[in-house]
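Here's a quick briefing on how the aromatic rings and nonpolar residues pack in this one. Have a look at the sequence and structure first.

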Amino acid sequence: PTSTDVLYVSNTTYYVVFFYVLCIPAGCWRLATTVIQLSYRSAITLHRIKSSVFAASLYYLFYIMAYLLPHLHSGWEVDQAIVTEEDRVVVIRFGRDQDPTCMIQDEVLMNIAEKVKNFAIIYVVDIDEVPDFNNMYELFDDCTTMFFYRNKHIMVDLGTGNNNKINWALADKQEMIDIIEVIYRGARKGRGLVVAPKDYSTKYMY
């Protein structure tokens, strides 16, 4: 390697360590080692380790968000999660962990999970692993978030015409918290349909 190669490698040590640490929660040490080895090899030949490892780190950061949330791996587990929870709203994100839209939504859900734990519990379901509800709930979008309370599907008027679910990534953490709070308050009063604090009919303009 030339002196330039060495400089690229040394300057990227921080990003490599950062990426490796990200793998700890998911227990993917072998994956981390493999990716890092490939990145170093790429650096020697392409002088791009800095950008490639950093990009991989960011992608993996979002990817493991889903694994920091509880997964439901069967139709029975989904049913039990909905049926057995008596005091809190059950929030379920249906989709695929590796989907970019789901990654955005999972990051939001992971960050608010602690804040809403007293009145909501959050799960994620892979629609390929658990296809039982795909037709029932029309889970044809990349990412779908639905809400349940005491074994009842709670609908939300978001102004979009689809009251059954949120079928896009709601990236604002506070807005998601506000929606879950409204659902909780309305559901406790026996309401099957609540109105979201914000009108999302023009969401595609944002």
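**Rings and cores**

F119 and Y184 are both buried, meaning under 20% relative accessible area (exposed is over 50%, partly exposed in between; 1.4 Å probe, protein chains only). Keep in mind that this is a predicted model, where local features need pLDDT of at least 70, side-chain atom pairs count only at pLDDT 80 or more, and totals for chains, interfaces and linings use all residues. Residues are numbered from 1 along each chain as its sequence is written, and side-chain values use heavy atoms, with hydrogens and water left out.

**Aromatic rings**

- F119 and Y184 also make a tilted aromatic pair, with 5.6 Å between centres and 40° between planes.
- Rings of Phe, Tyr and Trp (its six-membered ring) pair if their centres lie within 6.5 Å; planes under 30 degrees apart are stacked, over 60 edge-to-face, and the rest tilted.
- That rule gives seven aromatic pairs.
- F94 and Y137 have ring centres 6.2 Å apart and planes at 50°, so this pair is tilted too.
- Both F94 and Y137 are buried.
- One aromatic cluster is made up of F94, F133, Y137 and F148.

**Nonpolar cores**

- The largest nonpolar core (buried Ala, Val, Leu, Ile, Met, Phe, Trp, Tyr and Cys residues joined through side-chain atoms within 4.5 Å) has 29 residues, and F147, M176 and I179 have the most contacts inside it.
- A second, separate core has 17 residues, among them Y123, V130, F133 and M146.
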